[in-house]
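Q: Hi, could you walk me through this structure piece by piece? I'd like to start with any enclosed spaces inside.

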Amino acid sequence: MAFPTFRRIAPLAALAVLQLAAWAQDPAARAGLDLAPILDGKPLQGLPGEQPGTERWVVHFATRSFDLAEFRDAVRTKRSAAEVARIVADLEAKVKADQAGFVAAAQALGAKVAQQWWIVNAAVVEIAPSRLADLRALAKIAFVEPDVAVQPWILTATNAANHNADLLQSQGHRGLGVAVGIMDTGQDSDMNGTGRPHRSYFVNGDPNDTSGGGINGSRLVVNRQIGALIADDQHGHGTGVASISAGADWGTASADDGHAPLAQIAGYAIANVVSGGGSSNTTMASAWQAMAADRVALDIVAANLSYGGSPNPLDVAQQALDSAALNADIMVCVAAGNSGPAAGSTTGSQGAANGLAVAALNPNSHTLASFSSRGPLSGDTARFYPDIAACGVSTVMAARNNEAGNYTGSGTSMASPQVAGAATQLRGRFTALTALETKAILLASTLDIASQNAGLTRNDYGMGVLKNDRAHALTAANRYGSASVTSGSPVHSFTIPAVQGSSYAIAIAWHRLNTGSSTWSNLDLEILDGTGLPLVSSTTTRNLYEMVRFYNPSAGPLTVRTTGTSLAAATQAFSFAWTEHPAVPLPGSAVSFGAGCPGSITAPGLCASINPNGGAVANNVRAYEYCYDLSSAAAIGVQSFEIYSRTNTGGAVTVSAAIYGATGGTPTTAPLAITTVTIGATDGFYRGSFAGTVNLPAGPFWIGIDHAAQTTLLSQISGGTSTGGAYYRTGFGSGAGWTRSGLITAPSFRVYCAPAPAVPALAASAAPRVSGSFALQLSACAPSVPAFYEIGFSNTSWGALPLPFSFAPLGGGTCSLLVSADIGLGTATNAQGSAAQNFSVPNQPLLIGARFFAQGLVFDAPANALGIVSSNALALTIGS
């Protein structure tokens, strides 16, 4: 059957959505698209070329016709200079021959090939930025990158391209009035036997300026011996680390101020041996106690520990560290470790639950250093690790006993004091800040570096790169604060002003309160748009912070909602911070809301569930089968189930599923029945049906899902009203034993038994995005009947009619109109009671962030007196 399309007057954006397919096929519409050059998703600039208006870019080629084996052998075997020169000349000729076609093509783009290398398979071009896209499109090019300036690394680490402490120092924010604690090998308090500290500890690096208030008038206020070795640095590591956080320029060509060069420095020497500067957990615990005791007298606001340690929160040093952060209000920073690049290379890393663990980056490029340890945290795989990233490669530092030289090193040891120094500089300016507020601010002000680190995740580089200037701007704008949730009032909400079309970053942070326990409060963060619909959420289960970055598609203020999903005490304090963020890609979304009403056909009835209304799915994947908790108060016969999840592939994925009974309160090792479930690309319920009825006694049972391919997200939602859990194991249906998960706390499932009246369901096949396609899909409807897709721009009113509008006065029972019916698209269900309408979204940037609503109305005469039933509704946002 064919039914007419009913069109009503609608906003232009709605018309645009409905005309997507035609526009996508229109060459005239595509002709005006902006093809501005993008590298790794972020616009970049090369150094200026010789010709005005050009930039220098490096072109990397995919292949070439020769290698460097002969040259390498000549160097190894110490052939004569003349022989090597001949080989080099031959290589130069081969490069020119290999790249001849490229040179001609580049010149046709108006570019100049400035240099051709043989030592690497690349060349330098000077080209107008407007032609970069054409350059990238040439044959045999692997990728291009901008030519950038380089300087000695400590100068670089604090400049505008990196952490940008320099700008703040030029404005007078140099850490004066506060101190940073450095727990390390000691400090150079007797520089080469002179009886005074190294000049980097003095104000402006001048030993004659004795206004520092510390040892010999320096800024080194204490240098306490905690370990077996004397406090005067016998290794050099501690002196160098201190110079990063708060050292003064010591006068060499490569020297520079640290982050807080007027702050005082409190040294806690924990080295027990000279070789390697090794310490112990107990020595570190004693040092944390000494530092906590000094906190008020010395005004220590931040601390750095660039040592290895334990990821176990019950380790004595970890308990002392977290207690110092919690009870002495010290912002603690630790090195994440140098055991990369294997995932989970954190067996020797400090957990620092109440602090920040820091990964190491290459300066300027902000790519992760190869040695930097990767999460998740060993022994606590539900905890993302590290937390933040900073420069830590080829760092120039002050050298013990040598004011005319430098100490150059690479490691997370050099990255962590960057963050500690930034915290010191921040709290020196904003003296009312707490350590917890500082933690939230430092996280919220990071910049995302995903585009510079393709294939890596927050388990490699944390929430992004440290940016001192953004932290200060956020704080100066008063975009931070503290609040609490309680067992009696577990939800805290506040609003922030927001601009439609802008991107934002928001973080919350809290402390573990009982350092003698390995459990702590779990808080979730959710952002609601101007209409009250969920926009984005962060729902990790073991980190003591949550953070989101997102594009705001809506007008009006945003609501920041913090929910205490489980509390370790009656009251849990937390801090928050928010700021604008450079453009964040909008992924697009299709969020279900409201409820449909039953039609005349039957479907399996709901007989068990947990969080049956779904929510926002957390972005968690694991390579295991997960077995989710469910229960029934009576014996039931299960026929099918629905899991609330989505894929991370952009399309549908079919995975194995099973149902398990109970044995001793845990799932049986062997499944009672096996089936499959096809999960789509958007948050929603997806059904799997068993071949026959699975009869279960009253009590617990489990639904198992094979997540091993890591293409489907674990069922873990934000805002869940019911607390649940899961077990996991390697190998689907393998018979292996189960392990209790610490990650799953709020799964979402529906379990169906005997048939009951079916409720029409509306879903989207994918999140809408520019240059993409999606379908609106109706299911569970009466077969071969007329139906309509109602599409509008409001879920609160349709003209003067408030929404939702009940059909009950019209004989429609529990059915309701949930969206403004600005446009109606006619369709018909098939013999299976389903229908689908496809849409293609044109590549029009103005559509990014556009929001519209959809609902299905189905003619079903036997269902009620009105003869119409309704589905749930969808809030759809077009992504980039």
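Q: How many cavities of 30 Å³ or more does the structure hold?
A: Bearing in mind that this is a predicted model, the structure holds 1 cavity of 30 Å³ or more.

Q: And how much space lies in the largest cavity?
A: About 50 Å³ of space lies in the largest cavity, and 14 residues line it, of which Pro311, Pro313, Gly351, Ala353 and Arg383 are the closest to its centre.

Q: What kinds of residues make up the lining of that largest cavity?
A: The lining of the largest cavity is a mixture, with 6 nonpolar, 3 polar and 5 charged residues.

Q: OK, changing topic: how many residues has the largest nonpolar core?
A: The largest nonpolar core has 48 residues, and those with the most contacts inside it are Ile265, Val419, Ile441 and Leu442. Helix α14, which covers residues 435-444, gives the largest share of this core, namely 7 residues.

Q: Which residues does Ile441 touch?
A: Not counting residues up to four places away in sequence, Ile441 touches Leu426, Leu433, Ala471, Leu474, Thr475, Tyr480 and Ala577. Apart from the largest core lies another core, of 36 residues, and among them are Ala764, Val770, Phe774 and Leu847. As a general background point, nonpolar side chains in soluble globular proteins tend to be buried together.

Q: What about sheets, in what order do the strands of the open sheet come?
A: The open sheet is formed by 6 strands in the order β31-β28-β33-β26-β35-β36, with antiparallel pairing. At its edges are β31 (673-679) and β36 (739-740), each of which pairs on one side only.

Q: Over how many bridges do β28 and β33 pair?
A: Strand β28, residues 653-660, pairs with strand β33, residues 699-706, in the antiparallel sense over 4 bridges. To take one example, Ala658 has Gly704 in β33 as its bridge partner.

Q: One last residue: where is Tyr624?
A: Tyr624 is in the loop between β25 (616-617) and β26 (625-632).

Q: Why does Tyr624 count as partly exposed?
A: Tyr624 counts as partly exposed because its relative accessibility is 29%, and partly exposed is the class between buried, under 20%, and exposed, over 50%.

Q: And what is Tyr624 in contact with?
A: Leaving aside neighbours within four places in sequence, Tyr624 is in contact with Ile705, Asp706, His707, Ala708, Tyr728, Arg729 and Thr730. Of these partners, Arg729 is 105 residues apart from Tyr624 in sequence, yet the two are 5.5 Å apart in space, C-alpha to C-alpha.

How values were computed. Residues numbered from 1 in each chain as written. Predicted model: local features only at pLDDT ≥ 70, side-chain atom pairs only at ≥ 80, totals over all residues. Heavy atoms only, no water. Helix = DSSP H or I, 4+ residues; strand = E, 2+ residues; numbered from the N terminus. Buried < 20%, exposed > 50% of the residue type's maximum accessible area, 1.4 Å probe, protein only. Contact = heavy atoms within 4.5 Å. Core = buried A, V, L, I, M, F, W, Y, C linked by side-chain atoms within 4.5 Å. Pairing = 2+ DSSP bridges. 1 Å grid on protein atoms, 1.4 Å probe; cavity = no way out; pocket = protein on both sides within 12 Å on 5 of 7 lines; lining within 4 Å. Points joined across faces, edges and corners; volume = space filled by probe spheres on them. Nonpolar A, V, L, I, M, F, W, Y, C, P; charged D, E, K, R; others polar.
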